[in-house]
Amino acid sequence: MAVLTLAVINRIMISELAIPASITAGILAMSQIVAPIKVWIGQLSDSKPLFKLYRTGYIRLGSILSAIVIIATLQIVWQLGFSVINSGGWQWGLETITLSAILGLFFMIYGISLSTSSTPFTALLVDISDEDNRSKIVSIIWSMLMIGIIIGGVIGKALLDNLHLSNENIIDSKIVNTIPIEVLQEQINLLFFVVPLIVVVLTIIATWKVEKKYSRYEIRSIFANKSEGITINQALKVLTASRQTGIFFLFVMVLNISLFMQEAILEPYGGEIFKMSIGETTLLNSYWGIGILIGYGITGFKIIPKIGKKATAKLGCFLVAICFIFIILAGLTQQQNILKLALIFFGFATGVTTISSISLMLDLTAAETAGTFIGTWSLAQALSRALATISGGIILDLGKFLFKVPTLAYGLVFSIQAIGMIISVAILKYLNTEEFKSNTEKAIIQVMEGDLDG
């Protein structure tokens, strides 16, 4: 699903439909703007079983809704594309404003659907794991995620490989539609039907009886068997009991902004600077995915057991910063091989950073309010990714205005990301999981005492 939204739709809107990067990024970011709902969904999965299951029912429902919504969203993209072509290029008018607003609304609904699935899923990882095996479980799960992205990239390239750039449609000296939109529709509609269908089927298979067999939530949580479960007010009291919650929230925000600012511009970078086709830029996710897959496996089973989660997170941040320098170098030399190699190493560094930070995240989660905590960390991730997507597009447009040279404009985005990773390392030094556990345990006792007192 990530390949569809952040490797195909963004490329089509920016490169093929000539919609400004800042507008495209803003629309895509709407799926993250609804992030506050993650806390409520997480709390619901702590207290209100769906189809007699605390987590799995929400996971399946969210998966089905996501598939339906993304197919509908693509159709709005085509309507916006026709509007741009008919008006002779991007310009603000009633039709384009209306279609952009509708498209943003659909991305918000898509974001809610994803949250309904992803937040309870991550909470389920807390329910089925212990602190000593958590990093290994996270490595396995996120490795499967990246295999999915790699396969998605390969499927995308296979279905879109016959779409090649053509400069026949030029309006006001700008390429408005490098491939006829009717040709785009036929191939991409097929991709957007096949992939979501696969996702739904695999979600149902993958979650079959997992919660019933492996979850220890009802044993661990003192609220699980209460008739009303933990209330949102009780969950928030536990959530805000430790200053470590705020520190980690800030770390997640800065880390994700720094990691994902290029998310909406990487494929346009490949198309504009390296003259790649849509299929080739879609495949860039696979190079990144191969690297991240290696990083996931090594981190959970080798690096974290040897140097610890916090030290591993610092290492990952430094490696990511270095990788952005090589991505800039690839653009300056316009060598596709350097870009592909840089993306593999960037993927590895991202894998190290991701597994260590997620392992820290699961440690900074109380069993009684796992869904609420995961919702909060997911909120930080979603808000930061929304800011990253929006700021990536804005900085790219700003860079193009300042430098008039596309390579330098893209380089500005990557440079700011490298600086952000160094700031993340500085924040990490204040993080203390033992302090967090002590404070949340006291808060849970206080909540229970208050409940018993009536």
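**Helix packing around α15 and α7**

The buried residues of α15 pack against α12 (243–260), α13 (266–274), α14 (278–307), α16 and α18 (406–428), in a model that is predicted.

Biologist: Which residue just after α15 takes a positive phi, and of about how many degrees?

Modeller: Helix α15 covers residues 309–333, and among its buried residues are Ala-330 and Gly-331. Just after α15 comes the residue with the positive phi, which is Gln-334, at about 55 degrees.

Biologist: What span from first C-alpha to last does α15 reach, given its 25 residues?

Modeller: At 1.5 Å a residue, the expected value for the 25 residues of α15 is 36 Å. The span in the predicted model is close to that expectation, and α15 reaches 37 Å.

Biologist: Is α7 parallel or oblique to α16?

Modeller: The axes of α7 (residues 134–160) and α16 (residues 336–363) come within 9 Å and cross at roughly 125 degrees. Angles of 65 to 115 degrees count as roughly perpendicular and those over 145 as roughly antiparallel, and the crossing angle therefore makes α7 oblique to α16.

Biologist: How do the residues of the contact of α7 with α16 divide into nonpolar, polar and charged?

Modeller: On the α7 side the contact is made by Arg-134, Ser-135, Val-138, Ser-139 and Trp-142, while α16 contributes Thr-354, Ile-355, Ile-358, Ser-359, Leu-362 and Asp-363. Sorted by type, the residues of this contact come to five nonpolar, four polar and two charged.

Definitions and conventions:
Residues numbered from 1 in each chain as written. Predicted model: local features only at pLDDT ≥ 70, side-chain atom pairs only at ≥ 80, totals over all residues. Heavy atoms only, no water. Axes fitted to C-alpha atoms, helices over the stretch in contact; angles between N-to-C directions. Helix = DSSP H or I, 4+ residues; strand = E, 2+ residues; numbered from the N terminus. Parallel < 35°, antiparallel > 145°, perpendicular 65-115°, else oblique. Contact = heavy atoms within 4.5 Å. Nonpolar A, V, L, I, M, F, W, Y, C, P; charged D, E, K, R; others polar. Expected span 1.5 Å × (residues − 1). Buried < 20%, exposed > 50% of the residue type's maximum accessible area, 1.4 Å probe, protein only.
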